[in-house]
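Please walk through this protein with the sequence and the 3D view side by side, and find each residue in both before reading on.

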Amino acid sequence: MKKFIIWNAEMPSGTKEGFMDWEANFLVQEGIVGNIQSVKQALKEREDAGSTLITEQLALPHFKIDEAKEAAIIFVQSAQPIAEWEPGISIDRFLCIVVPDSKNKKDLEQLKTFFVWMASDGILEELSLGSKEVVQGLISQMEDWNGNDDVSGGYWSQDYYYEHKGGN
């Protein structure tokens, strides 16, 4: 499973559709999926099914897609809020989850552990409101994601951290 923290990401526009374009491009760029249009379609279908807003400041755009090579978790804080994510609500934080259609047991166990962790006291509030340092520290607590409940150590640092425009 790939994991990313992207802080201060520049979106092509301050709209939900602009965010979906950005996410689709990012996932293709990182080799998680191969087709931008498939990602956009999966995101649109999920958004059409119901709100992905999980707090007043954080959305959970997630989807299952056949062509995903592996699962991915992407925490994004955009440079400018996305206007009207929901009517009257602008947000700048997103926790994007990509689930492959395969039955990769390790990915599924890691996702399960992630969602249990995310439901812990105070985690959503910190992801929604915390500074870059708070979010990085919180997420870095997660090291052993092999399906067990040990959540000590330095998670996510082994993968990618981007700042500004999603670049290196």
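Ser-51 counts as partly exposed because its relative accessibility is 41%, a value that falls between the limit of under 20% for buried residues and the limit of over 50% for exposed ones. In this predicted model, Ser-51 sits in the loop that links H2 to strand S2 (58-59). When residues up to four places away in sequence are set aside, Ser-51 touches Arg-46 and Glu-86. Although Ser-51 and Glu-86 are 35 residues apart in sequence, their C-alpha atoms are 7.7 Å apart in space.

Glu-86 also appears among the contacts of another residue, Glu-47, which touches Lys-16, Met-20, Thr-52, Pro-61, Trp-85 and Glu-86 once neighbours within four places in sequence are left aside. Glu-47 belongs to helix H2, and is Glu-47 buried or exposed? With a relative accessible area of 12%, Glu-47 is buried, because the limit for that word is a value under 20%. Of its partners, Lys-16 is 31 residues away from Glu-47 in sequence, while the C-alpha atoms of the two residues are 9.8 Å apart.

The contact between Glu-47 and Lys-16 is part of the meeting of two helices, in which residues of H1, including Lys-16, Met-20, Ala-24 and Leu-27, meet residues of H2, including Ile-36, Val-39, Leu-43 and Glu-47. Two packed helices are described by the angle between their axes and by the distance between those axes. For H1 and H2 the angle is about 135°, and the axes are 9 Å apart. The two helices are therefore oblique to each other, because an angle has to be over 145 degrees to count as roughly antiparallel, and 65 to 115 degrees to count as roughly perpendicular. The crossing of H1 and H2 is right-handed.

Leu-27 of H1 leads on to the interior of the protein, since the largest nonpolar core has 28 residues, and Leu-27 is one of those that touch the most other members, together with Phe-19, Ile-74, Val-76, Phe-94 and Val-98. Two or more residues each come from strand S1 (2-9), helix H1 (16-29), helix H2 (36-49), strand S3 (62-65), strand S4 (72-86) and strand S5 (89-100). Among these elements, H1 gives the most to the core, with 6 residues. To see how one member is surrounded, look at Phe-94, whose contacts beyond four places in sequence include Phe-19, Leu-58, Pro-61, Ile-74, Val-76, Ile-82 and Trp-85. There is also a second, separate core of 20 residues, with Ile-5, Leu-95, Phe-114 and Met-118 among them.

Two residues in the strands deserve a look at their backbone. Asn-8, found in strand S1, has a phi near 65°, which is a positive value in a residue other than glycine, and its relative accessibility of 23% makes Asn-8 partly exposed. Glu-84, in strand S4, is likewise not a glycine and has a positive phi of about 55°.

Stepping back to the whole protein chain, its secondary structure comes to 5 helices and 6 strands, which follow one another from the N terminus in the order β-α-α-β-β-β-β-α-α-α-β. The chain has 168 residues, of which 45% are buried. Among contacts between residues at least 6 apart in sequence, 66% join residues that are at least 24 apart. The accessible surface comes to about 8000 Å², and carbon and sulfur atoms account for 48% of that area.

Notes: Residues numbered from 1 in each chain as written. Predicted model: local features only at pLDDT ≥ 70, side-chain atom pairs only at ≥ 80, totals over all residues. Heavy atoms only, no water. Helix = DSSP H or I, 4+ residues; strand = E, 2+ residues; numbered from the N terminus. Buried < 20%, exposed > 50% of the residue type's maximum accessible area, 1.4 Å probe, protein only. Contact = heavy atoms within 4.5 Å. Areas by Shrake-Rupley, 256 points an atom, 1.4 Å probe, with all protein chains shown as cover. Core = buried A, V, L, I, M, F, W, Y, C linked by side-chain atoms within 4.5 Å. Axes fitted to C-alpha atoms, helices over the stretch in contact; angles between N-to-C directions. Parallel < 35°, antiparallel > 145°, perpendicular 65-115°, else oblique. Left-handed = near helix turned anticlockwise from the far one by under 90°.
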